[in-house]
Amino acid sequence: MTRVPVVLWAVLAAAVAMAAPPCTVASRVHDIDPDAAPEYVLLDTAWRLPPGYAPRDLVPISGAGFDGGLLVRAIVLDDLRSLREAAEAAGVRLAVQSAYRSEAYQARVHAGWVERLGAARAAEVSARPGHSEHQLGTAVDLRSADGPPAWELDDWAATPEGSWVAAHAADHGFVVSYPRDARDATCYDYEPWHLRWVGRAAASAARDEGVPYRVWLHRHHPPVEAAP
């Protein structure tokens, strides 16, 4: 496989950042129903879910063959199972570290980061309550089955499990929401373990365009604020 020079990667990352809308801080609610079309709901530092939103069809990840009582939306289950089975067929064993989080739970998570890092830095590593893809019920944080939480490693993408996920997530309807060297485009730090289910068509389209999913959404499904 032809390697892309480091300088060219830097140029491409800069071009993506220029194409991305700025990471403003606001609390705008999308006009798309998150229950009907979760794949098109943009969540970032400006756009959030309706206050108190919780999915109505949460089911345990055990339905996809993963251990633990964590929850995801039922719409995710078949593709999550497919992802696990394909990984295992390739000799890769994955586990789910985190899945659905309520708005109240995310508030506690974010407050912990603020206490540790201060508000400015916390905003780069943790979504404010209402702004998290985990609250949508379609995001999971993965780890290697026999390893620690992925964020405790220098770079989970360098492990066999993380490398496989980066290469094959889109085949099963998932995107890596926060890829490397793309904070200006995604608004958050690099998280190779954080996958969001968006369906195979959207995941493949974003991969083919070579842009973070936030950028793809702004291009093809630009957010519109819900009427008050």
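This report describes the nonpolar cores, selected buried and exposed residues, and the enclosed and open spaces of a predicted model.

**Nonpolar cores**

The largest nonpolar core holds 24 residues, and within it Leu80, Leu94 and Leu142 touch the most other members. Two or more residues of this core come from each of the helices α2 (74-89) and α6 (160-168) and from each of the strands β5, β6 (139-144) and β8. Helix α2 makes the greatest contribution, giving five residues to this core. In soluble globular proteins, nonpolar side chains tend to be buried together.

The surroundings of Leu142 can be followed residue by residue. When neighbours within four places in sequence are left aside, Leu142 is in contact with Leu83, Leu94, Ala95, Val96, Gln97, Ala150, Trp156, Val165, Trp193 and Leu195. A second core, separate from the one just described, has 18 residues, including Ala26, Leu42, Ala46 and Trp47.

**Buried residues and their contacts**

Two aspartates can be described side by side. Asp35 is found in the loop that runs between β1 (28-29) and β2 (47-48), whereas Asp79 is found in helix α2. Asp35 has a relative accessible area of 16% and therefore counts as buried, the limit being under 20%. Asp79 is likewise counted as buried because its relative accessibility is 11%. The side chain of Asp35 is joined to that of Arg56 by a polar contact of 2.9 Å, and a polar contact of 2.9 Å also joins the side chains of Asp79 and Arg200.

Apart from neighbours within four places in sequence, Asp35 is in contact with Tyr53, Pro55, Arg56 and Arg73, so that Arg56 appears both as a contact of Asp35 and as its partner in a buried residue's polar contact. For Asp79, again without residues up to four places away in sequence, the residues touched are His172, Gly173, Phe174, Trp197 and Arg200.

Ala206 is found in helix α8, which covers residues 200-209, and is buried, with a relative accessible area of 3%. Not counting residues up to four places away in sequence, Ala206 touches Val211, Tyr213 and Trp216. The C-alpha atoms of Ala206 and Trp164 lie 18 Å apart in space, while the two residues are separated by 42 residues in sequence.

**Positive phi angles**

Most residues other than glycine have a negative phi. The table lists two residues of this model that have a positive value without being glycine.

| Residue | Phi | Loop | Relative accessible area |
|---|---|---|---|
| Asp181 | near 55° | between β7 (174-178) and α7 (183-186) | 62% |
| Cys187 | about 80° | between α7 and β8 | 5% |

The settings of these two residues are opposite in accessibility: Asp181 is exposed, whereas Cys187 is buried.

**The cavity**

The structure holds one cavity of 30 Å³ or more, and the volume of the largest cavity is about 70 Å³. Its lining is formed by Leu42, Leu43, Glu133, Ser177, Tyr178, Thr186, Arg196, Tyr213, Arg214 and Leu217. Strand β7 and helix α9 (213-220) are the elements that give two or more residues to this lining, and α9 gives the most, with three residues. By class, the residues that line the largest cavity divide into five nonpolar, two polar and three charged. Two of the residues named above return here, since Leu42 is listed in the second core and Tyr213 is touched by Ala206, while both belong to the cavity lining.

**The second largest pocket**

The second largest pocket contains about 540 Å³ of space. Its lining is made up of 24 residues, and those that lie nearest its centre are Arg101, Trp113, Val125, Asp141 and Glu191. At least two lining residues are supplied by each of β5 (94-98), α3 (103-117), α4 (119-125), α5 (133-136) and β8 (191-197). The largest share, five residues, comes from α3. The lining is mixed in class, with 11 nonpolar, seven polar and six charged residues. Strands β5 and β8 thus take part in two of the regions described, as they supply residues to the lining of this pocket and also give residues to the largest nonpolar core.

Technical notes: Residues numbered from 1 in each chain as written. Heavy atoms only, no water. 1 Å grid on protein atoms, 1.4 Å probe; cavity = no way out; pocket = protein on both sides within 12 Å on 5 of 7 lines; lining within 4 Å. Points joined across faces, edges and corners; volume = space filled by probe spheres on them. Helix = DSSP H or I, 4+ residues; strand = E, 2+ residues; numbered from the N terminus. Nonpolar A, V, L, I, M, F, W, Y, C, P; charged D, E, K, R; others polar. Buried < 20%, exposed > 50% of the residue type's maximum accessible area, 1.4 Å probe, protein only. Core = buried A, V, L, I, M, F, W, Y, C linked by side-chain atoms within 4.5 Å. Contact = heavy atoms within 4.5 Å. Polar contact = N/O pair within 3.5 Å; in protein donor to acceptor, adjacent residues only side chain to side chain.
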